[in-house]
Amino acid sequence: METLEKEVMVLEKEQVLGLRFSTADVLSEEASIKQRYLDLQRSQILGNISRGKVWIYFETAEKQAFKIYTTIWAVGDRFISLKRGITIPIGSIYKID
C-alpha cells in the first residue's frame with residue numbers, strides 16, 4: 001500500500017470548506033486505489049450504523065497533507081460526503097484509519 005511521507009496537520013471538518021483540491025489522484029497503484037474504496041465503504045457503514053468516526057488523510061492541490069476525525073455519511077463515485085454538506089474528492093484521500 002502506498003504511503004505519503006509528509007507532515008500531516010489536523011483540521012476540523014469545517015476547515016475543509018476553504019481548501020482547494022487537485023483533479024489528479026494522490027494514489028497511483030491500482031491495489032491502493034481499490035483498498036481506499038473498500039476502506040471508504042466500510043467507514044460509511046460504520047458512520048451510518050453507529051455514527052463511528054474515522055481519521056481521513058488527504059492532500060490539497062498545494063500538496064499539503066491534512067487529517068480530520070469525522071463521520072463519513074456517503075461515498076459516491078468521485079466524492080465522500082460529511083456532515084453539513086462538506087465533501088472531499090476521493091482522489092485526494094490517501095488513507096483512512
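# Close-up views of the predicted model

**View 1. Tyr-69 is partly exposed, with a relative accessible area of 46%.** We start with Tyr-69 in a model that is predicted. At 46%, Tyr-69 falls between the two cut-offs, so it is neither buried nor exposed. Its ring comes back in View 3, together with its partner.

**View 2. Phe-21 and Phe-58 make one of the four aromatic pairs that turn up in a search of the whole structure.** The two rings sit 5.8 Å apart, centre to centre, with 50 degrees between their planes, which puts the pair in the tilted class. Phe-21 belongs to the loop between β1 (8-10) and α1, and Phe-58 to strand β2, so this pair ties together parts that are 37 residues apart in sequence. Phe-66 joins in too: ring pairs link Phe-21, Phe-58 and Phe-66 into a cluster. As for solvent, Phe-21 is partly exposed at 21% relative accessibility, whereas Phe-58 is buried, at 0%.

**View 3. Trp-55 and Tyr-69 form a tilted aromatic pair.** Here the ring centres are 5.1 Å apart and the planes make an angle of 45 degrees. Trp-55 comes from strand β2 and Tyr-69 from strand β3 (residues 65-70), so to speak two distant parts of the chain, 14 residues apart, linked by the pair. Trp-55 has a relative accessible area of 26% and counts as partly exposed. Tyr-69, as in the opening view, is partly exposed as well, at 46%.

**View 4. Arg-36 is a buried arginine in helix α1.** Its relative accessible area is 3%, and that counts as buried because the cut-off is under 20%. What does the side chain reach? One of its polar atoms lies 3.1 Å from the backbone oxygen of Ile-90. Leaving out residues up to four places away in sequence, Arg-36 touches Asp-25, Val-26 and Leu-27, and also Ile-90, Gly-91, Ile-93 and Ile-96.

**View 5. Ile-90 sits at the other end of that contact, in the loop between β6 and β7 (93-96).** Although it is a loop residue, Ile-90 is buried, with 7% relative accessibility. Beyond four places in sequence, its contacts run through Val-75, Gly-76, Asp-77, Arg-78, Phe-79 and Ile-80, with Arg-36 and Leu-40 on the list as well. For Gly-76, the C-alpha atoms are 8.5 Å apart in space, with the two positions 14 residues apart in sequence numbering.

**View 6. The largest pocket holds about 160 Å³ of space.** Several residues from the earlier views show up in its lining, including Phe-21, Asp-25, Ile-90 and Gly-91. The rest of the lining is Ser-22, Thr-23, Ala-24, Arg-78, Phe-79, Pro-89 and Ser-92. Sorted by class, that makes five nonpolar, four polar and two charged residues.

**View 7. Asp-39 is a buried acidic residue in helix α1.** How accessible is Asp-39? Its relative accessible area is 13%, so it stays under the 20% cut-off for buried residues. Its side chain makes a polar contact with the side chain of Gln-35, at 2.8 Å.

**View 8. Arg-51 and Arg-84 both have positive phi values.** Phi is near 55 degrees at Arg-51 and near 60 degrees at Arg-84, and neither residue is a glycine. Arg-51 is in the loop between α1 (30-50) and β2 (54-59). Arg-84 is in the loop between β5 (79-81) and β6 (87-89). Buried or exposed? Arg-51 is exposed, with a relative accessible area of 58%, and so is Arg-84, at 69%.

**View 9. Lys-83 is placed in the loop between β5 and β6.** Lys-83 counts as partly exposed, at 45% relative accessibility. Which residues does Lys-83 contact, leaving aside its neighbours within four places in sequence? They are Lys-13 and Trp-73. Lys-83 and Glu-12 are 71 residues apart in sequence, yet 12 Å apart in space, C-alpha to C-alpha.

Conventions
Residues numbered from 1 in each chain as written. Predicted model: local features only at pLDDT ≥ 70, side-chain atom pairs only at ≥ 80, totals over all residues. Heavy atoms only, no water. Helix = DSSP H or I, 4+ residues; strand = E, 2+ residues; numbered from the N terminus. Buried < 20%, exposed > 50% of the residue type's maximum accessible area, 1.4 Å probe, protein only. Polar contact = N/O pair within 3.5 Å; in protein donor to acceptor, adjacent residues only side chain to side chain. Contact = heavy atoms within 4.5 Å. 1 Å grid on protein atoms, 1.4 Å probe; cavity = no way out; pocket = protein on both sides within 12 Å on 5 of 7 lines; lining within 4 Å. Points joined across faces, edges and corners; volume = space filled by probe spheres on them. Nonpolar A, V, L, I, M, F, W, Y, C, P; charged D, E, K, R; others polar. Phe/Tyr/Trp six-rings, centres within 6.5 Å; stacked < 30°, edge-to-face > 60°.
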